Amino acid sequence: MGIFGGLQSNKKPADNNIREDDINFKNRNVLVGVIRGRHQFNAMLKMKFYHIPISRVNDCSFPVEYVAVYQSKKHFGRKSGVRIYGEVESFCTVPRNKITEIPKDSSEKYIYFKIKSWRRLNKPVEAKEMDKVAFSTTLYLLKNCRTSSELQLRSKEELDFCQELTQNIKTLIRKRTPDGNDMVYRDYTVKLKGGMLYLYFADVLEYVIGYDVFLENPMNVIRDIFDYYPEI
């Protein structure tokens, strides 16, 4: 049943786990932003900057200490994902037509980040479906997540559950085995049967989705399971 099979609903995290979550999951000082294509990517690397409309960062945390770049499958193919990040030297709000690195005749308000230097992640974060053009994550998640969806997770418990469920489904697909073991978290049960994921709350079936749908955006399932408990 996996590491969550016997988890008790009244189990409280140890103090050291709380401190670890504060350090690794709460300090959301990394802005993850989409770029439009290779021209923007090359200019951004060469001139050490990043820019994004203010209207796209409403859900992001400030101040931003790092910027990570999301390269979409559409524009980057096999080189998609989150591969580079940079420490922010400074940032300011400017009209788009004041950003001379990539000229554009527009007065829309942008945030312009000056980057100290770009760095490559030791292991790229695989590109998955993005719900937003930009969101905030932590440096720990950036360096330890397998997919871009996981960058939005809020605790070690969520990360472990998501990675175990994802790995279980990938193993079933690889072995061409349609059925897997149940995974239980508090009042939720995930059943893997016939190539489909069944999510139950208590004994009530919430919904059914295919393995491929889950793998493309696992956050939909993870949010449904963990958001029921606001203390997490």
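**Entry 1: helix H2 and what covers it**

I began with the buried residues of H2 and looked up what covers them: the list includes E2, E3, H3, E4 and strand E5 (109-125). A reminder to myself that this is a predicted model. The buried residues I noted in H2 are Gln40, Phe41, Ala43 and Met44. The spacing made me recall a helix rule: an α-helix has 3.6 residues a turn, so residues three or four places apart point the same way.

I then picked out glutamine 40, which lies in helix H2 (residues 38-47). Is glutamine 40 buried or exposed? Its relative accessible area is 11%, and buried means under 20%, so glutamine 40 counts as buried. Next I asked which residues glutamine 40 is in contact with, leaving aside its neighbours within four places in sequence. I found Ile35, Tyr50, His51 and Ile102.

Before leaving the helix I checked the residue that follows. Lysine 48, just after H2, has a positive phi of about 55°.

**Entry 2: the second largest pocket**

Glutamine 40 turned up again here. I looked up the second largest pocket and found about 440 Å³ of space in it. It is lined by 19 residues, and those closest to its centre are Val34, Ile35, Arg36, Gln40 and Tyr110.

Which element gives the largest share of this lining? It is E2, with four residues. Strand E2 (49-53) and helix H3 (73-76) each supply at least two lining residues. By class, I noted nine nonpolar, four polar and six charged residues in the lining of this pocket.

**Entry 3: strand E3 and its partners**

E3 is among the elements covering H2, and I wanted to know how enclosed the strand itself is. Six of the six residues of strand E3 (residues 66-71) are buried, so the rest of the structure largely encloses this strand. I followed the side chains too: Tyr66, Ala68 and Tyr70 point one way, Val67, Val69 and Gln71 point the other way, and all are buried.

Which way does E3 run relative to the strands it pairs with? With strand E1 (residues 30-34) the pairing is parallel, over five bridges. With strand E4 (residues 81-95) the pairing is antiparallel, also over five bridges. I wrote down one bridge from each pairing to find my place on screen: valine 32 has alanine 68 of E3 as its partner, and valine 67 has glycine 86 of E4.

**Entry 4: the cavity**

I went on to closed spaces. There is one cavity of 30 Å³ or more, and the largest cavity has a volume of about 50 Å³. Its lining is Lys128, Thr147, Glu150, Thr166, Lys170, Leu215 and Pro218. Sorted by class, that makes two nonpolar, two polar and three charged residues.

**Entry 5: the cysteines**

How many disulfides does the structure hold? I found zero. Why is cysteine 145 not bonded to cysteine 162? Cysteine 162 holds the closest cysteine sulfur, but the sulfur of cysteine 145 is 8.3 Å from it, too far for a bond; a disulfide needs the two sulfur atoms within 2.5 Å. From the other side, cysteine 162 is in no disulfide either, with the sulfur of cysteine 145 as its nearest.

I checked exposure for both residues. Cysteine 145 is buried, with a relative accessible area of 7%, and cysteine 162 is buried as well, at 0%.

Technical notes. Residues are numbered from 1 along each chain as its sequence is written. This is a predicted model: local features need pLDDT of at least 70, side-chain atom pairs count only at pLDDT 80 or more; totals for chains, interfaces and linings use all residues. Side-chain values use heavy atoms; hydrogens and water are left out. On a 1 Å grid over the protein atoms alone, a cavity is a set of points where a 1.4 Å probe fits but cannot get out, and a pocket is an open set with protein on both sides within 12 Å along at least five of seven lines; lining residues have an atom within 4 Å of a point. Grid points are joined across faces, edges and corners, and a volume is the space filled by probe spheres set on the points. Ala, Val, Leu, Ile, Met, Phe, Trp, Tyr, Cys and Pro count as nonpolar, Asp, Glu, Lys and Arg as charged, and the others, Gly among them, as polar. Buried means under 20% relative accessible area, exposed over 50%, partly exposed in between (1.4 Å probe, protein chains only). Two strands pair if DSSP finds at least two bridges between them. Contact means heavy atoms within 4.5 Å.
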